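I opened this entry to record what I looked up on burial, core packing and one helix. My notes follow the display.

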Amino acid sequence: MLINEGITISTSKILLVPYESHHVPTYHEWMKDAEIQEATASEPLSIEEEYAMQLSWRQDPDKLTFIVCLPSSPSASGSITAGHEDSPARMLGDVNLFLMTSDTQDFVIGEIELMIAVKSQQGHGYGRASLLAFLTYVAEHEKGLLEEFERERMVEGGLSLKELRVKIGEKNVRSIGLFESVGFTRVEGGDEEEEEGENYFGEIELTVGAGWKGRVGERVEGYRELEYRSISQ
């Protein structure tokens with residue numbers, strides 16, 4: 001999506017920046033890890049394919065993504081400069097939202113993906129901080145997100161984002177617990193093969209429905225939206 005092209009989200013615990021081309025080499029190295037491939041249900045891509053994917057996430061009106069970085073200095077001014085606070089050494093992972101219309105075409109569903117790729121930084125609260133900051137951004141910019149989605153996909157205007165969902169591998173207990181802690185609940189399976197919400201691919205689906213903005217998350221300390229100054233600026 002283009003809506004977050006020049007925006008970075010800064011909190012006391014995390015920094016989220018738009019996914020840009022200079023992030024691709026580091027992201028490409030992350031995705032070579034077999035555990036990450038399994039957790040994200042991804043196939044390894046060539047570096048050329050990774051650059052094409054980055055451009056898709058930037059331009060496609062149904063895909064919103066941020067790169068997760070270590071928090072910036074509390075004294076940071078009103079802007080973040082690309083290549084500094086989001087250098088490879090400060091990158092941790094990514095957080096994404098994929099928009100789609102419901103089967104009835106009368107509302108929009110958002111599917112979230114969250115990854116802390118740097119293993120030494122897992123279990124330190126960066127995933128939770130990223131999720132809460134991201135949900136705050138989505139809640140505050142729902143109108144703009146949906147306008148871009150509706151305009152480019154030529155769907156009926158005036159739709160609302162009524163449901164958020166996430167699919168997580170059944171063995172990723174920590175991630176499942178994270179989403180449950182901020183208001184998501186498991187979707188129970190409809191047959192014997194999906195007894196506890198596990199789907200065919202071994203994933204647990206969790207959702208939060210109507211009124212999600214009042215039910216999901218908590219106050220985010222130090223939340224600020226700052227200008228993101230790209231390398232070309």
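I first checked burial: of the 233 residues of the protein chain, 47% count as buried (under 20% relative accessible area with a 1.4 Å probe, protein chains only; exposed means over 50%, partly exposed in between). The model is predicted, so local features need pLDDT of at least 70 and side-chain atom pairs pLDDT 80 or more, whereas totals for chains, interfaces and linings use all residues. Residues are numbered from 1 along each chain as its sequence is written, and side-chain values use heavy atoms, without hydrogens and water.

I then counted seven helices and ten strands in the protein chain (DSSP runs numbered from the N terminus: H or I of at least four residues for helices, E of at least two for strands).

Next I looked up the largest nonpolar core (buried Ala, Val, Leu, Ile, Met, Phe, Trp, Tyr and Cys residues joined through side-chain atoms within 4.5 Å). I noted 43 residues there, with Leu 16, Leu 64, Leu 164 and Phe 184 having the most contacts inside this core. Elements that each supply at least two of its residues include β3 (63-69), β5 (91-101) and α4 (126-140); α4 gives the most, nine residues. Another core, of 17 residues, lies apart from it and has Trp 30 and Tyr 228 among its members.

For Leu 64 I listed contacts (heavy atoms within 4.5 Å) beyond four places in sequence; among them are Met 1, Trp 57, Val 95 and Phe 134.

Finally I examined α3 (residues 47-59), in which Glu 50, Gln 54, Ser 56, Trp 57 and Arg 58 are buried. I recorded β2 (15-18), α1 (24-30), β3 and β5 among what covers these buried residues.
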